[in-house]
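User: Please examine the following model with me, beginning with its surface and proceeding to its helices and charged pairs.

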Amino acid sequence: VMLPLDPDGRVDLDAARRIIDERVAVVSVQWSNNETGVVQPIEEIGAIARGAGAVMHCDGTQWVGKMPTNVGTAPAQSGAPAPWTTVDVLTFSPHKFHGPKGVGVLWSRPGTRLRPIIFGSQELGRRGGTENVPGIVGAGVAAREATEFLADPSRRAMLGAMRDAFERAVLDRVPDAVINRPRDPGHRLWNTSSIGFPALEAEAMLLLLSERGVCASAGSACASGSLDASPVLLAMGVPPLVAHGTVRFSLCRDTTEAELKDAAGVVAEAAGVLRRSMAAT
């Protein structure tokens, strides 16, 4: 069963309360979306799942390393973020915060029962197979460096402001462009920008951007090569004309203002080239 979204791209909590009952064994939700950066109300969803006796799984791939994450067993008086009380299983990928590809991380709350798919004695019996030791070490180093980055909230605030300036620069040059974002700025990650170019094709935009040295994507990596509009955007109520022309841009902690300024100019140029090409055919 799919949980419906509100126009901001967040899970409809009233619908979640109706759908998640004692018949549901597992609830799985992204902490933040990979296309739009929309942050889900994990605490509330986890409380609903716990009340129904379901296991709460959170896909933290886009969240961990970009925002403070605490799902441990800290006492409430410690001031730890509330989600620690509601997530039973958390999965994420270190390559999203400058770690190596080819290694993933699973955290599970003590007492959470997991049935392995690949049997063996490794990973405490949760998954058989030889561990990728170099990848694990690299993941640990990346986590340590991400922790240092997260210790200074002003760096995230600065990068979020840079992302907003990039979006304004694109809108100044392409007035009909649309930013696919929630109304509350606090419900979006600082690093993600989803921009729709009505009546243009995202794949054509990506080709022009790539030729000019700007890396971007359309939809998720899982849907790479698909010409269908993003189901994430359609679920948010984004018009198909905009969804088909939406391109995702991502910042990292090393992104500079100069790079974003150059990228905004390239994006505007690519949109102009494509629009003139379509008008000529």
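Analyst: A nonpolar patch is made of residues with over 30% relative accessible area and no salt bridge, their nonpolar side chains being joined within 5 Å. The model discussed here is predicted.

User: Which residues make the nonpolar surface patch of about 230 Å²?

Analyst: One member of the patch, V137, lies in helix α3, which spans residues 133-150. The patch covers about 230 Å² and is made by V133, V137 and V141.

User: What radius of gyration does the protein have, and what would a compact globule have?

Analyst: The C-alpha atoms fill a box of roughly 65 × 45 × 40 Å along the principal axes. Buried residues account for 44% of the 281 residues. A compact globule with 281 residues would have a radius of gyration near 19 Å, and the protein agrees with this at 20 Å.

User: Of the contacts between residues at least 6 apart in sequence, what percentage joins residues at least 24 apart?

Analyst: The fold comprises eight helices and seven strands. Among its contacts between residues at least 6 apart in sequence, the share that joins residues at least 24 apart is 69%.

User: Why do the buried residues of α5 lie on the same side of the helix?

Analyst: In helix α5 (residues 202-211), the buried residues are A202, M205, L206, L208 and L209. They lie on the same side of α5 because they cover an arc of only 165° around the axis. An α-helix has 3.6 residues a turn, so residues three or four places apart point the same way. For the buried residues of α5, the value that places them on the same side is the arc of 165°.

User: Which residues are exposed on the other side of α5, and what covers the buried residues?

Analyst: On the other side of α5, the exposed residues are L207, S210 and E211. The cover over the buried residues of α5 includes β7 (246-250) and α8 (257-280).

User: What phi does G213 take, just after α5?

Analyst: G213 follows just after α5. Its phi is positive, at about 85°.

User: Is E167 buried or exposed?

Analyst: E167 is found in helix α4 (residues 153-173). Leaving aside neighbours within four places in sequence, its contacts are I179, R181, R188, T192, S193 and I195. The threshold for burial is under 20% relative accessible area. With a value of 2%, E167 is therefore buried.

User: Which residue forms a salt bridge with E167 at 3.5 Å between the closest N and O atoms, and which residues are linked in the network?

Analyst: The closest N and O atoms of E167 and R181 are 3.5 Å apart, and the two form a salt bridge. This pair links distant parts of the chain, with R181 in the loop between β5 (178-179) and β6 (192-196) and E167 in helix α4, 14 residues apart. At 42% relative accessibility, R181 counts as partly exposed. The partner asked for is R181, and the network of salt bridges links R163, D164, E167, R181 and R188.

User: How far apart are the closest N and O atoms of D88 and R109?

Analyst: D88 and R109 form a salt bridge. The pair links distant parts of the chain, D88 being in the loop between β2 (55-59) and β3 (89-92) and R109 in the loop between β4 (105-108) and α3. Both D88 and R109 are buried. Their closest N and O atoms are 3.7 Å apart.

User: How many salt bridges does the structure hold?

Analyst: One salt bridge joins the side chains of D21 and R23, at 2.7 Å from N to O. D21 is buried, with a relative accessible area of 16%, whereas R23 counts as exposed at 69%. The number of salt bridges in the structure is 13.

Terms used. Residues are numbered from 1 along each chain as its sequence is written. This is a predicted model: local features need pLDDT of at least 70, side-chain atom pairs count only at pLDDT 80 or more; totals for chains, interfaces and linings use all residues. Side-chain values use heavy atoms; hydrogens and water are left out. Buried means under 20% relative accessible area, exposed over 50%, partly exposed in between (1.4 Å probe, protein chains only). Helices (H or I, at least four residues) and strands (E, at least two) are DSSP runs, numbered from the N terminus. The arc is that of the directions from the helix axis to the C-beta atoms. Contact means heavy atoms within 4.5 Å. Patches are made of residues with over 30% relative accessible area and no salt bridge: like charges are joined within 9 Å, nonpolar side chains (Val, Leu, Ile, Met, Phe, Trp, Tyr) within 5 Å. Accessible areas come from the Shrake-Rupley method with a 1.4 Å probe; for residues, only the protein chains shown count as cover. A salt bridge is a side-chain nitrogen of Lys or Arg within 4 Å of a carboxyl oxygen of Asp or Glu. The radius of gyration is taken over C-alpha atoms; the globule rule is 2.2 Å times the number of residues to the power 0.38.
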